[in-house]
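Here is a short report for a first look. It covers nonpolar cores, one helix and the cysteines.

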2 protein chains.
Amino acid sequence: VAVYTHLGAEQLASLLNEYDVGDLVSAKGIAEGVSNSNWLIETTQDRFILTMYERRTDISDLPFFLGLLDHLAATGCPVPKTIHDRNGALSREIDGKAVALIEFLPGVSPSAPSAAQAKAVGEALARLHLATASYPEKRINDMGAAHWPAIAAACGDSALATIDPSLPQTIRDHLESLLSEWPRALPAGVVHADLFPDNVLFVGNEVSGMIDFYFACSDAFAYDLAVTHAAWCFDRKGQAFDAELSHALVQGYQKIRSLTPEERTALPVLAKGASMRFILSRADDWLNTPEDALVERKDPMDFVRRLEFYDRMGDRAFS
Amino acid sequence: VAVYTHLGAEQLASLLNEYDVGDLVSAKGIAEGVSNSNWLIETTQDRFILTMYERRTDISDLPFFLGLLDHLAATGCPVPKTIHDRNGALSREIDGKAVALIEFLPGVSPSAPSAAQAKAVGEALARLHLATASYPEKRINDMGAAHWPAIAAACGDSALATIDPSLPQTIRDHLESLLSEWPRALPAGVVHADLFPDNVLFVGNEVSGMIDFYFACSDAFAYDLAVTHAAWCFDRKGQAFDAELSHALVQGYQKIRSLTPEERTALPVLAKGASMRFILSRADDWLNTPEDALVERKDPMDFVRRLEFYDRMGDRAFS
C-alpha cells in the first residue's frame, strides 16, 4: 500500500481554490486503496479525501463512479459524496491525472468483524441495492463471469503453477461448470462488487461508510451478496468459516430486501463464482508484482479454499 | 514511503484505552517518515499521530526523543507533545514494537519554500536551540563527523562507484580536510539535525510544527543551521542556489540568536560537512535499497553538488 504520486502543498492549495471548501490546513498522504493515491485533506471548513487515479481505473468510468456516490449519498446511503468544483465538475486534472475530492467519513474497518457488524453490513448492502434501482447509468462488470476464461488464459497454466502446482487444474475443474450453471436472469442493477471489510467503516456496530466503489458495475444483486459473503465469513486464509457471521449477514440483508427463491437457490454457485473472481484477479496481480515489491501480494489460494468450501457445502453455507 | 505494519481497528481501539484520549473514531495509515509506520488517529476528543518504530530508531533512544518533544512543547516551541498513557509512560508496545502517541499539528510542508518561510524556519530553529539549553539529556550524533570515515569505508569504493564513478574520489578529496578543519569548540546543545522542508509544517508563513526529531542529538548549534541551509536553499538536485532564501534563513536565525564570530566563520566548513553527512547516508541507503523497491532512492549526487558549491563559494554562500 503506497502513495504513488507526490503532490506539493502549493499544488494542493491551488487545486482546492477550484472548489468552495475553504483553505488548505493539512494534507497527509494516506495508505488507502491499492491502485490510487489518496490524501486526507483538512481545510478551514472541513475534511476531505482527495483521490488521484493512477492506473486500473478507466478514466472514462469516473462519471459513473462519482455520479453513483452522489446518487447513493442523496438517497441516504452512508457513502462519501463527491465534492463538485466551482464549475460543477466531478473531477479535475493535475499533471495529466484525474483527481476527485470526496467527503471524509469517520469510522474504522474491522479486522475481525462481529456478528452485529456482519448484520449491519448485510442491511447496508441491501439498502444500496434498493437505492441503485433509480441510478440510470450502467457499467459492464469487467471482472464478471464472461471475462474469467480470458483472464485465466492470459495468466497461462505454467505461470499459474508457479503460484501453486494445483492451481491450473483447480481453475479448469471449476471454470466450465461455473459458466454453464451461471444464472442469467436474476434481479440485477448496480452493485458494489468488492465490499470487503476494508471497504466498510464502522462507528461501533453502525456502518458509517461504504467506500472504494471502483469495481461497482451492473450485475446480479445476489452476486454482490455472495462476494460480500466470501469476503466477510472466513478468516483471511479461507481456512475457517464462521457460520454465525454468515447467518447474520444473510439475515441482515433479507431484513431490508428479501431474496427471491431463484436468488436463494443461486447463492452457492454465485459464491463459487465470487471465489473464482478473486482467485483470478489475485493470480493476475501476483504474476505481475515483483517478489520484493513493498506491496503485499495477496495469495490466490485463500480463495481456492473458499471455492472448495462452497463446492463442498452447497446450500448449507447459507443456512 | 510506506506503512510497514498493519494494525487492526481492534488493536488500535484497545491501545487507545490505555490513554485518556477518548474513543477511536477514525484511523488512516499515513505516508510520513521513512523508517516508521504512522497513523492519523481521530478519537471522540481530538486527533493524534501514532508512530510505530520499525527500524533505525534505537528504542533505547525513545525516552530522549519523546522527552525532548515534551520539553520543547512546554517552552512554547511548535513541536507535537507526547501523549502519556494512564501510567505516565511515553511509549508502549504492540506486537513487540514500540509505539508512541503524539499530538497532531496542522499545517503543510512547502515544496518550494518562500523567503518568508525560510526566515520563519530560521527563527523557529534559533528558538529551538535556546529551548534545548535547559534539556538535561544528551545523545551522541551517530551521523556526526567522527562517524563519516566508518560509513564511507562500510560502503566501499567499488560500491560507491556504481552510484557515480566520481563519488569515491569526491568523498576522499573532502573527508580528510573536513575532519582536520572541523570546529570542536562551538556553542552546542541538542539540535534537530534533519530540518528539511518535509519536517516543517506551515499555516501560511507561520511555522505550525517542527516534526520528525529522530535524528536529534547533541551537536553544535551552527551545524544545525548549516544542515538547514543545505536542506532549504537549493533546488532538489542541488543545482540552483537561492541566495534570497539563504539570506532570509540566516537573518531569521540571527534575529532570535546571534551567531558568535567563531560560528559565523565556521559556517562554510559546517555546510560542507552537512553535505557530506547526507552524501554518506544517502549512499548507504542507495546501496541497501533494491533497485525496484517502491521507496524512492535519494540521489547522493544532489549533495555532492551542494558540497562543491559550498567549497567554491566559501563565506559568500552565507552573505
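The largest nonpolar core has 180 residues. Among these, Trp148(A), Ile171(A), Phe213(A), Trp148(B), Ile171(B) and Phe213(B) touch the most other members. A nonpolar core is a set of buried Ala, Val, Leu, Ile, Met, Phe, Trp, Tyr and Cys residues joined through side-chain atoms within 4.5 Å. Buried means under 20% relative accessible area, exposed over 50%, and partly exposed in between (1.4 Å probe, protein chains only).

Leaving out residues up to four places away in sequence, Ile171(B) touches Ala152(B), Leu160(B), Met276(B), Ile279(B) and Leu280(B). Contact means heavy atoms within 4.5 Å. A second, separate core of 19 residues includes Leu12(A), Leu50(A), Leu101(A) and Val108(B).

This is a predicted model: local features need pLDDT of at least 70, side-chain atom pairs count only at pLDDT 80 or more, and totals for chains, interfaces and linings use all residues. Residues are numbered from 1 along each chain as its sequence is written, chains are lettered from A in the order written, and side-chain values use heavy atoms, without hydrogens and water.

Helix H3 of chain B covers residues 115–132. Helices are DSSP runs (H or I, at least four residues), numbered from the N terminus. In H3(B), 13 of the 18 residues are buried, so the rest of the structure largely encloses it.

A disulfide is a pair of cysteine sulfur atoms within 2.5 Å. The count is 0 over all chains. Two cysteines illustrate this.

| Cysteine | Nearest cysteine sulfur | Relative accessible area |
|---|---|---|
| Cys155(A) | Cys217(A), 19 Å | 11%, buried |
| Cys233(B) | Cys217(B), 20 Å | 1%, buried |

Notes: Helix = DSSP H or I, 4+ residues; strand = E, 2+ residues; numbered from the N terminus. Expected span 1.5 Å × (residues − 1).
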